[in-house]
Amino acid sequence: MQTDWTPVALSHDIPVASAAPGRIGDTALAIWRSASGRIAAWSDRCPHRGMRLSHGYVRGERLSCIYHGWSYGEDGGCKRIPAHPDLTPPESIRVPVFACREASGVVWVAEGQPAGAPPDLAGFRGLRSLHIAAATGAIAEVFGGDGPVLRVKLGPVAVIALVQAFGDETMLHLMAPESCDLATLDALSDAAEALRRNIEAEATA
Amino acid sequence: MSVGAMKDQWYPVGLISGVTEEGRDSLLLGEPIRIFLDGGTPAVTGEGERPLPVELRYGHVWTCPGTPTRPLFDIPEADQLGRRLVDVGVCRVRCSPLRAVENFLDIAHFPFVHTDILGSEPHTEVTRYEVGIREDVDEVWATKVQFFQPQAAKSAEGGITTDYMYRVCAPTCSVLYKTSPPMPGEWDVIALFVQPLTETLCDVWPWMALYDDDASMTDLIHFQQLIFVQDRSVLENQLPALLPLDPGMEIPTRADLTSVAYRRWLKRNGFTYGAQLVAA
Ligand code: FES
Ligand SMILES: [Fe+2]
């Protein structure tokens, strides 16, 4: 499957009014959700002194940096500098913003101007994201296939694995069929954890 | 990376009270060093057991991996009667030693990083202050710095506006002077001595000379450690890890004048270990 979009997180891992770190290629991301539920992915670097914005805090529709409290609006522009409460920050102070969409419980990010919509994975929902300390090749071997969107079996259940390859590390965002009950989801989550341990053990063996 | 002019400066490498016969291995500017008692006196050696110059001051053992171009800086308050001298101990931080010093010079972060201790919203404004280089001693000084604090020191009760002065006396050492709550008209002295292990790893040795007769030594140490642990959560998450010395990478405002002066002073003196230059 060819797409300009990269899966960077599962929607349920970014609750309302929170921020978390992510990655696209070599770029560190701050993925955050506003109080009204709007999702966004920005460069994870405050233009002031380089503090990671993923450590910041959300108030209303703005993300603020934890170091000196500079706050940024929807467009990535700086709206307030607490050390100078009477100053209107110049337009030029701005955090790079990435194209970001949510579909089927997945947060998708793209560099530049993506063509088309993120892949449609109707019938599935986010299970969990796994950080695996192993190259993507090791994972392809276990799953018997490669590419960014894998349809594979976890135990008896057909799941989807969204793969982010980072050299000798891999992020897997796993999706389960929407029809799964809670007990099955629990079992799948344990199976995913076991899978991670296996792959890491194989990779270091 | 060349160590350059920083090789000839003084650095803290441990508490005087902590040196033992069997000694301890450490790093200084990326090179192995050893600190030990030699006939009861602290000594430091570099690579190949080369003896390094040693000074014992302000509770710490000081050394210089090259040839010192000037004596160890003076903190006259260390000898004033009535002050309590506090060795806080060590805190290891995965950051550039220069970023650690720059953070120490910064007040605008108090309400956000040291919430309800050194600052609190909505008292976030940084008023105009003065910064300059004292050419006779080649030190960066910031004066007339003021900030509103809910609990400025262990001995402070309720909020007050605190006066500060900052001085950078060596590339990785800074001293701050702040209004002493129990002794109006006097300044408490808090120093940050940073040992650069590598360009992105340092041991920070805070030290204080305070007018505070009430708090126990343990409380004073814990208070300072709490503050520094909060700073560490920022210091280990700045990108890039090295301190950018050329303008363009970061955006200073008037509140950052001390940082701007510190960066210029580092560049002018060739103190670039732990720094990033555009023309690398
Ligand atoms: S580094 Fe973000 S506000 Fe200062
Ligand atoms: Fe601080």
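These exercises look at chain B of a predicted model.

**Exercise 1. Judge the overall build of chain B from its radius of gyration.**

Step 1. Take the length: chain B has 280 residues.
Step 2. Take the expectation: a compact globule of that length would have a radius of gyration near 19 Å.
Step 3. Compare: chain B has 18 Å, which agrees.
Step 4. Add the box: the C-alpha atoms fill roughly 55 × 50 × 35 Å along the principal axes.
Step 5. Add burial: 55% of the residues in chain B are buried, meaning under 20% relative accessible area.

**Exercise 2. Find which strands of the sheet β1-β7-β6 in chain B stand at the edges.**

Step 1. Place the sheet within chain B, which has four helices and 17 strands.
Step 2. Read the order: three strands run β1-β7-β6 in an open sheet, with antiparallel pairing.
Step 3. Count partners: β1 (11-15) and β6 (54-57) each have a single partner strand, so one side of each lacks a neighbour in the sheet. These two are the edges.
Step 4. Check the twist: neighbouring strands are turned by 30° against each other on average, direction ignored.
Step 5. Look at one pair: β6(B) and β7(B) (residues 60-63) share four bridges. Here B:R57 stands opposite B:H60.

**Exercise 3. Describe how helices α1(B) and α4(B) cross.**

Step 1. Locate them: α1 covers residues 97-104 and α4 covers residues 257-269.
Step 2. Give the geometry: their axes come within 10 Å and cross at roughly 145°. The crossing is right-handed.
Step 3. Name the contact residues: α1(B) brings B:L98, B:R99, B:V101 and B:E102, while α4(B) brings B:S259, B:Y262, B:R263 and B:L266.
Step 4. Sort by class: the contact has four nonpolar, one polar and three charged residues.

Methods. Residues numbered from 1 in each chain as written. Chains lettered and ligands numbered in written order. Predicted model: local features only at pLDDT ≥ 70, side-chain atom pairs only at ≥ 80, totals over all residues. Heavy atoms only, no water. Axes fitted to C-alpha atoms, helices over the stretch in contact; angles between N-to-C directions. Left-handed = near helix turned anticlockwise from the far one by under 90°. Contact = heavy atoms within 4.5 Å. Nonpolar A, V, L, I, M, F, W, Y, C, P; charged D, E, K, R; others polar. Pairing = 2+ DSSP bridges. Rg over C-alpha atoms; globule rule 2.2 N^0.38 Å. Buried < 20%, exposed > 50% of the residue type's maximum accessible area, 1.4 Å probe, protein only.
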